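The exercises below deal with a sheet and with charged side-chain pairs. Work through each task with the structure in view before reading its solution.

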Amino acid sequence: MHLLLTDRLNCPRCGSGFGLILRADRLTERRVLEGALGCPNCRDRFPITDGFADLRPPPRTSFPDGEPVNSTDTAELERITALLGVVEGPGSIALVGSVARYAGPLADRTPGVEVIAVAEQVRGDAERAGVSRMVSGLDLPFRPESLRALALSKGKAELLERPEALIRLVLEGGRLVVEGPDARTGERLANVGARVLAQDERWLVAMR
């Protein structure tokens with residue numbers, strides 16, 4: 001996990017306004033390989049192991065064994081890159097759920113951008129430049145306006161129950177990309193001030 005990403009995280013338990021403090025036990029080239037993130041308010045600790053941050057609120061269950069999930073589907077990678085609308089840095093993009101499999105290839109083609117892969121399946125991936133790996137609970141632990149773009153897989157529809165909190169994570173002019181939107185997704189986002197740029201049965205793209 002990139003060292004500077006810790007400045008963009010809130011406590012998963014306490015929410016907005018309660019930042020986390022990093023204790024880095026092993027650091028290499030500004031990447032935290034071992035350590036913990038702590039909340040000065042609730043005193044909870046969130047471990048970082050092999051560069052992977054566990055930002056789930058307690059109780060935390062163990063993870064199943066998994067294989068690396070980076071995708072080699074070039075056509076789909078091209079599509080997601082275009083939908084996100086970010087071609088170079090600086091800044092951060094978050095991929096939540098199964099779309100996190102594109103984190104490595106996306107980082108390779110967007111210089112200066114830190115791609116945040118939020119999925120338990122990326123735990124087995126190797127730590128590398130350009131990709132920060134983590135898992136979270138139902139509420140994403142990012143501070144408001146900390147992302148240039150955010151993509152949600154179709155298995156993360158519960159995050160859209162609070163569309164105002166979700167769109168607030170993205171910078172003004174940034175995009176929210178939703179895989180497999182339902183009939184109400186566009187309306188929900190429009191009601192909180194987002195502009196729906198495109199929508200079909202596979203993807204929706206909205207701009208803050």
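A salt bridge is counted where a side-chain nitrogen of Lys or Arg lies within 4 Å of a carboxyl oxygen of Asp or Glu. The model is a predicted one, in which local features need pLDDT of at least 70 and side-chain atom pairs count only at pLDDT 80 or more, while totals for chains, interfaces and linings use all residues. Residues are numbered from 1 along each chain as its sequence is written, and side-chain values use heavy atoms, with hydrogens and water left out.

**Exercise 1.** Find which parts of the chain the salt bridge between Glu78 and Arg109 links, and classify the accessibility of both residues.

*Solution.* Begin with the contact itself, where the closest N and O atoms of Glu78 and Arg109 are 3.2 Å apart. Next, place the partners: Glu78 is in helix 1 (residues 74-84) and Arg109 in helix 2 (residues 103-109), so that distant parts of the chain, 31 residues apart, are linked; helices (H or I, at least four residues) and strands (E, at least two) are DSSP runs, numbered from the N terminus. Finally, apply the accessibility classes, in which buried means under 20% relative accessible area, exposed over 50%, and partly exposed in between (1.4 Å probe, protein chains only). Glu78 counts as partly exposed because its relative accessibility is 42%, and Arg109 is likewise partly exposed, at 31%.

**Exercise 2.** Locate Arg128 and its partner Asp108, and assign each to an accessibility class.

*Solution.* The closest N and O atoms of this salt bridge are 2.8 Å apart. Arg128 belongs to the loop between strand 8 and strand 9 (131-136), whereas Asp108 belongs to helix 2, so the pair ties together parts 20 residues apart in sequence. Arg128, with a relative accessible area of 27%, is partly exposed, while Asp108, at 56% relative accessibility, is exposed.

**Exercise 3.** Describe the sheet, and then the salt bridge that joins strand 4 to strand 8.

*Solution.* The open sheet has 11 strands in the order 3-4-5-6-9-8-7-10-11-13-12, with mixed pairing, where two strands pair if DSSP finds at least two bridges between them. Its edge strands, each pairing on one side only, are strand 3 (21-28) and strand 12 (195-199). Strand 3 pairs with strand 4 (residues 31-38) in the antiparallel sense over 7 bridges, and Leu27 stands opposite Val32 in strand 4. Turning to the side chains, Glu114 and Arg31 meet in a salt bridge of 2.8 Å, N to O. Glu114 lies in strand 8 (residues 113-118) and Arg31 in strand 4, so this pair ties together parts 83 residues apart in sequence. Both residues, Glu114 and Arg31, are buried, and they belong to a network of salt bridges that also links Glu127 and Arg133.
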